[in-house]
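Please open the model in your viewer, with the sequence alongside, and follow the stops below in order. Each stop suggests a selection and then says what is found there.

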Amino acid sequence: MTSGLAQSLKAEYLAGSERLRLEFEQTRSGRSVLQGRTALVDSLTHQLWRHHIDPDLSAANGLALVAIGGYGRGVLAPYSDVDLLFLTDGPAPAAAAKDAIRAMCQDLWDLRLKLSPTTRPLEDCDRLHRDNPEFNISLLDCRILAGDFGLFRRLHDQVIPRSVLRDWQELVLLLAEVNEARHHQAGDTIFHLEPNIKDAPGGLRDYNVSCWLSILNGFSRTQNWTEAFDSFPASLRDRAQEAKDFLVSVRCFLHYRAGRDDNQLNWEAQQAAAEAHIGYDGGGADAAEWMRYYYRQARVLNRLFATMMDEVVPARSSLFQQFQNWRARLSTDEFSCVNGRVFLQQPSALVLPENFFNCFEFVAQHGLKLAASTDLRIEQALPTVAAKNLSGPERWAALRRILLRPHAARALRIMQELGALGLLLPEFRAVESLVIRDYYHRYTVDEHTFRAIDAVHNLHPEKKNGNRGLGNLVEEIERLDLLALALLLHDVGKAGNNEDHVSASLEVAMKVCHTFELPPEDEEMVCFLIAYHLDLSAAMRRDIFDPETIQSLARRVGSPDRLKMLALLTYADISAVNPTSLSPWKAENLWRVYFLTANYLNRSVDDDRFHSAAEDEQVARIRLLKPQLGRRLRDFLEGLPQRYLRIHAADEIIQHVEMASQLHSNTVQTHLKRLRGDFSLTVITHDRPALFATLAGVLAGWGMNILKADAFSNDSGVVVDSFIFTDHFHTLEMNVQEWARFQTSFTDVLSGAVPLEKLARKRVSANGKSPKVKVETVLNFDQNSSSHSTIFEVVAQDRPGLLHRIAAVLSECGCNIEVALIDTEGEMAIDTFYLRIAGRKLASEECAQLKAALEMELDS
Amino acid sequence: MTKLEAVIQPSKLDAVKEALLAIGIDGLTVLEVRGHGRQKGHTEFYRGREYSVDLLPKIKLEIVLRDETVDDVVKAILGASQTGKIGDGKIFLSRIDEAIRIRNEERGSDAL
């Protein structure tokens, strides 16, 4: 190139680029920049073609210059690549023009254009490039710039349609594979705090892929070229155009700001874009509000991408198809399931709130997606359902059903997208698409929350994900619904830039619990989890092998059930921060903190007792609720383990005090109630030899299977024994009149009026099923953890009457049970007894005798 | 130049970072590691299952220093992490032949 031409092209390019930049500063319109830069580069390539290849711009010499990719579409961003195809009619023109093509490319590079040139004969465009399918895809955007127009027409009108139709399925699958991998790499979410607006889900690439899928779909339908958006769903077409225009403007802004092809929307860029009102001026200069607008647009493009992938991409394999067909069996009277999408059987019924939320429960149960028509019906039904003004308990009932299902997070995301989550939990709107600037967090607050809920549901003992132990806890907790509710609310306080988000979240949670009319103990659990949701993480930063760390944590947590829930919440919260936040190192530390604290709680019950001199929050609450208990409350609680106060709600303790007050008229007080499918029995009486063994024996005699139990006594020798049991033979469930006889039997047996042995023997022999899992018996003595008692831990195969047999052996060996903590995990009974003989710990020979006697009993 | 590797208790990381910052050391590499020295660990029972706590969680710091700063840095780490109990950790020092800053190819202590 002559230096004169070089200087003139350089001047034209610099002046043109500067003009476009100034125009963008004025108009903030990305679309006009893209068109302007395309025209500018067109002008340069035309001049260089004339100079190097042929003065005639449209000479039919077997060589054509074709713009492909983004340049072919006519959408060149300020610093994006320029993709050029030198198309030749066979090898001869390529060889002849080789030097000229090289010189032309050199000149374009010298102009500082990021050029990606390729020279290919026409027949090379007629095959599928399996190692580079992007080339085949880029041809879908081909546009003639200069040269042999006839040659280009053969490419456009014959070669591309023929090649696409021949390799249609493979090409579409390759395109899908590449883009699914791209989405997966970005965590399959649009809610990144610093998204890449080109490649992240919901970015410009999603729009382009949707256009390509639309064109490919057009070929399949009409055997010919169609418009890029012909196959877009009508409901998304205009919204997608608006979203694309917004992102194009943001992309131009980012390019000009960085002076290079930078598409990362980092925090500084977000602030600057908001202040410059790029693409949106509804939020003033508020970056958080501007980002909310960004996520709304990204959501549209992500939805377009998902819809096009579902509609155009064929099933990958017969196995996948079989899976989809199998899913069709999930169809019910309300919903049908076709190709993994939920369709409504009776769309008009959706205006009834129950049916409306059933739809999301169905998604939460089976992990399906909604069909586009279902989306539309939901959006149409939403105002009617909203007008019904559901009561708090109705809202909690609907939300609870969804939270308990294995794919709850998927349903919650869909509900949020369609505006349905706000009907159940309007408080959550405050953290929708909310960006919190934190180096470790990768997702917005709502996405973090949904991921945390997912983490709990995915934590399963059978899933070998390296989180030993924690997987079992999910099976052990009884209130997954409360854990999920606490997770849903644990970060809502982050809205409004609160310094202390924990207190702010707690305030919202209390309001929500009141609205939902949760029972006091449920509200207490939810609020506890939120108030302490950072405590386990904090403990992990201290020396976890220092007993002080564990003691202090145990005191704050109070009970094993609360500890289990808190450990799971902590696990979920850390897991959802970013994909690598819960390193195996951290997961193991969390598990260690958990079991060390759980062990401490179980082995310190005896030493940590209530004395009226000390202030206690729970006692203060009881006094407030029932001031007339007066001195009776203090007398009853004096000397009871603190554990008793932590595991019983205030109203239960009030009831126990009332029962204890009646002991002078009836020496055995019992209270029986249903408890979530099982039964709960509390017995209050004066201590006596073999009491716990006798009570367990009566329960065994009635055929009841004890799941949990605890036994505590106060300084006056009043014993509070609680049992949770399943009614195997449905005796109580089917015969309400048996409740009284059942409760009386405890008095009868304890007074000696009815012999226990005959009843117990009959029942035990009646239930002789062989166990599914064999549990080895483990007997373990701990003389160190309690200052007053020997702690005896028994792990054994659960079987009818087991607790009675163990307790009877303890009694025969002369042991007094100070405290008993009984638990069942599947087929494993896990019992902890605090034992004393004649007011002292057991001597080593007494431990050996007890062990031998119990081994003999359990082997028999 | 000297490479300093320190294995410390995880609970002392914040204190050590602060102590280093106070003497002008603001760049360091932190690794989550497991191991044991004389603090051999022990076995814990939980619900009838035995959990061996033989490899204990530790934090390992790596810093490459100008030779003249080594004494101050060692002093700062000792001051912030020493409790006198078994398990406090160790500090290792070794010679470094060369350092190269990838961005601009600076060499030697200028690259630190």
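Select chain B and colour it by pLDDT: the mean for this chain is 88, and 96% of its residues reach 70 or more. Keep in mind that this is a predicted model throughout, and that the model scores ipTM 0.75 and pTM 0.78.

With chain B still selected, add chain A and look at where the two meet, a contact that takes 13 residues from chain B and 17 residues from chain A. On the side of chain B that touches chain A, the elements giving two or more residues are β2 (29-35), β3 (42-46) and β4 (49-53) of chain B, and the largest share, 3 residues, comes from β3(B). If you colour this side of chain B by residue type, you should find 6 nonpolar, 3 polar and 4 charged residues.

Now hide chain B and view chain A by itself. Its C-alpha trace spans about 120 × 60 × 50 Å along the principal axes, and its radius of gyration is 36 Å, where a compact globule of 860 residues would have one near 29 Å. In cartoon view, chain A shows 36 helices and 15 strands, and 43% of its 860 residues count as buried. Among the contacts in chain A with a separation of 6 or more, 71% are accounted for by residues 24 or more positions apart.

Next, colour chain A by domain, using residues 3-166 for domain 1, 173-312 for domain 2, 442-603 for domain 3 and 669-859 for domain 4. Keep domain 3 and domain 4 of chain A on screen, whose C-alpha centres lie 32 Å apart. Where they meet, 4 residues of domain 3 of chain A are in contact with 8 residues of domain 4 of chain A, and the domain 3 side of this meeting is made up of 1 polar and 3 charged residues, with no nonpolar ones.

Move to domain 1, which covers residues 3-166 of chain A, and select A:Asp56, which is found in the loop between α2 (30-52) and β1 (63-67) of chain A. Is A:Asp56 buried or exposed? A:Asp56 counts as exposed, because it has 12 C-beta neighbours inside 10 Å. Add A:Gly147 to the selection and draw a distance between the two C-alpha atoms: they are separated by 7.9 Å, although the residues are 91 apart along the chain.

From there go to A:Arg112, placed in the loop between α4 (91-110) and β3 (115-121) of chain A. Most residues other than glycine have a negative phi, so this next angle deserves a careful look: A:Arg112 has a positive phi of about 70° although it is not a glycine. A:Arg112 is exposed, because 12 other C-beta atoms lie within 10 Å.

For the last stop, select helix α8 of chain A, residues 204-222, which has 19 residues and reaches 27 Å from its first C-alpha to its last, close to the 27 Å expected at 1.5 Å a residue. Of these 19 residues 14 are buried, so α8(A) is largely enclosed by the rest of the structure. Step just past the end of α8(A) to A:Gln223, which takes a positive phi of about 65° although it is not a glycine. A:Gln223 sits in the loop between α8 and α9 (234-258) of chain A, and A:Gln223 is exposed, because 11 other C-beta atoms lie within 10 Å.

Conventions. Residues are numbered from 1 along each chain as its sequence is written. Chains are lettered from A and ligands numbered from 1 in the order in which they are written. This is a predicted model: local features need pLDDT of at least 70, side-chain atom pairs count only at pLDDT 80 or more; totals for chains, interfaces and linings use all residues. Two residues are in contact if their C-beta atoms, placed from the backbone, lie within 7 Å. Helices (H or I, at least four residues) and strands (E, at least two) are DSSP runs, numbered from the N terminus. Ala, Val, Leu, Ile, Met, Phe, Trp, Tyr, Cys and Pro count as nonpolar, Asp, Glu, Lys and Arg as charged, and the others, Gly among them, as polar. Domain bounds come from an automatic or database domain assignment. The radius of gyration is taken over C-alpha atoms; the globule rule is 2.2 Å times the number of residues to the power 0.38. A residue is buried if 20 or more other C-beta atoms lie within 10 Å of its own, exposed if 12 or fewer, and partly exposed in between; C-beta atoms are placed from the backbone. pLDDT is the predictor's confidence in each residue, from 0 to 100. The expected span of a helix is 1.5 Å times one less than its number of residues.
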